[in-house]
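Thanks for sharing this one. Here are my notes, written to be read with the model open beside you.

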Amino acid sequence: QPPLVIDLLTPGALVVCVTPIDASAPKGRLIVPQVQALRELVENHHPALVVQHTELSAGLKLLSAPPDLVITDSQVVREVATILPESVPLTTFSILFARLKGDLNILLDGARAIDALPPGAKVLIAEACSHHAQEDDIARVKLPKMLQKHTGREFEFTWTSGHDFPAELESYALVIMCGGCMLNPGEMRRRLRLCAAAGVAATNFGLAISQTQGILERVTRVFAGGEGNH
């Protein structure tokens with residue numbers, strides 16, 4: 001299996017992982033993308049500092065030099081970007097999974113298409129796992145608000161979860177998928193092929209959020225050396 005993050009790092013590089021704990025976080029554990037990234041870093045002898053975004057400034061002061069990479073949960077990417085010097089490489093767990101499971105270049109184009117969505121456009125938000133929606137649910141509450149605030153337009157949203165994914169996509173202007181930590185690469189790429197066949201732009205949560213926060217180029221700069229896709 002291709003690496004999630006270590007191919008972006010030099011030997012022994014230090015990584016800071018920002019993992020906020022809110023109402024949607026599972027009790028007693030971190031979410032799969034965070035666990036997978038940490039396991040890969042530790043297994044390959046990369047020191048990692050794990051903090052919530054509220055402790056990021058204090059955590060950085062504990063280091064003798066700036067970190068070689070910061071990986072954050074997408075929901076606090078703007079706050080993290082504000083704290084970090086521009087010279088510190090930054091990305092999100094969801095964007096790393098866009099590269100691992102799908103096609104980062106296609107999903108990047110989909111994120112950039114958000115600004116061109118017309119008023120009333122139909123947007124499909126597709127989660128790969130089923131769960132009870134929280135009051136601040138990222139897919140059903142936060143993401144729609146971010147999209148509409150960023151563009152200044154109202155959209156028509158539809159949601160799917162688990163294995164549900166419509167075969168007919170022509171009526172949608174945009175499909176936003178989750179990071180896909182519960183899907184294998186074959187299924188994620190099948191969904192991307194369906195979107196492409198229907199002529200529908202596709203992206204994922206992390207890329208869409210970064211676009212609405214005005215920092216998409218910064219959080220994808222780490223891939224500029226040709227590592228956009230495995």
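The points below go through a sheet, a few single residues, some aromatic rings and a helix.

1. A word on the source before anything else: this is a predicted model. Please keep that in mind for each point that follows.

2. Let's begin with the sheet. Four strands make up an open sheet in the order 2-1-3-4, and their pairing is parallel. Strand 2 (48-51) and strand 4 (90-92) are the edge strands, each with pairing on one side only. From one strand to the next, the twist averages 20°. As a general reminder, the strands of a sheet pair through backbone hydrogen bonds, in either a parallel or an antiparallel way.

3. Within that sheet, have a look at strand 1 (residues 15-18) and strand 3 (residues 69-72). They run parallel and are joined by four bridges. If you want one pair to click on, take Cys17, whose bridge partner in strand 3 is Ile71.

4. What lies across these strands? Helix 4 (residues 93-101) does so, crossing strand 1, strand 3 and strand 4. Its direction is at about 75° to strand 4.

5. Ser210 is a good residue to inspect next. It belongs to helix 8 (residues 205-212). Is Ser210 buried or exposed? Its relative accessibility is 0%, so Ser210 counts as buried. Beyond its neighbours within four places in sequence, Ser210 is in contact with Val77, Thr92 and Ile95, and also with Ile215, Leu216 and Val219.

6. Ala201 sits in strand 8 (residues 201-204). Ala201 counts as partly exposed because its relative accessibility is 23%, and the cut-off for buried is under 20%. Setting aside residues up to four places away in sequence, Ala201 touches Gly110, Ala113, Ala173, Leu174 and Val175. Asp109 is 92 residues from Ala201 in sequence, yet their C-alpha atoms are 7.4 Å apart in space.

7. Now for the aromatic rings. How many aromatic pairs does a search of the whole structure find? The search finds two. In one, the ring centres of Phe155 and Phe157 are 6.3 Å apart and the planes meet at 85°, so this pair is edge-to-face. In the other, Phe157 and Trp159 are stacked, with 6.1 Å from centre to centre and 25° between the planes. Ring pairs thus link Phe155, Phe157 and Trp159 into a cluster.

8. The burial of those rings is worth a note as well. Phe155 and Phe157 are both buried. Phe157 has a relative accessible area of 15%, whereas Trp159, with a relative accessible area of 29%, is partly exposed.

9. There is also a charge to look at beside a ring. Lys122 places its charged end over the ring of Tyr172, 4.9 Å from the ring centre.

10. I would finish with helix 6 (residues 138-151). Its buried residues are Ile138, Ala139, Leu143, Pro144, Met146, Leu147, Gln148 and Thr151. Among the elements that cover them are strand 5 (122-126), strand 6 (156-160), strand 7 (174-177) and helix 8.

11. Both ends of helix 6 deserve a quick check. At its start, a side-chain oxygen of Asp137 comes to within 3.2 Å of the backbone nitrogen of Ala139. What follows helix 6? The helix is followed by Gly152, which has a positive phi, near 75°.

Key:
Residues numbered from 1 in each chain as written. Predicted model: local features only at pLDDT ≥ 70, side-chain atom pairs only at ≥ 80, totals over all residues. Heavy atoms only, no water. Pairing = 2+ DSSP bridges. Helix = DSSP H or I, 4+ residues; strand = E, 2+ residues; numbered from the N terminus. Axes fitted to C-alpha atoms, helices over the stretch in contact; angles between N-to-C directions. Contact = heavy atoms within 4.5 Å. Buried < 20%, exposed > 50% of the residue type's maximum accessible area, 1.4 Å probe, protein only. Phe/Tyr/Trp six-rings, centres within 6.5 Å; stacked < 30°, edge-to-face > 60°. Lys NZ or Arg CZ within 6 Å of the ring centre and 35° of its normal. Polar contact = N/O pair within 3.5 Å; in protein donor to acceptor, adjacent residues only side chain to side chain.
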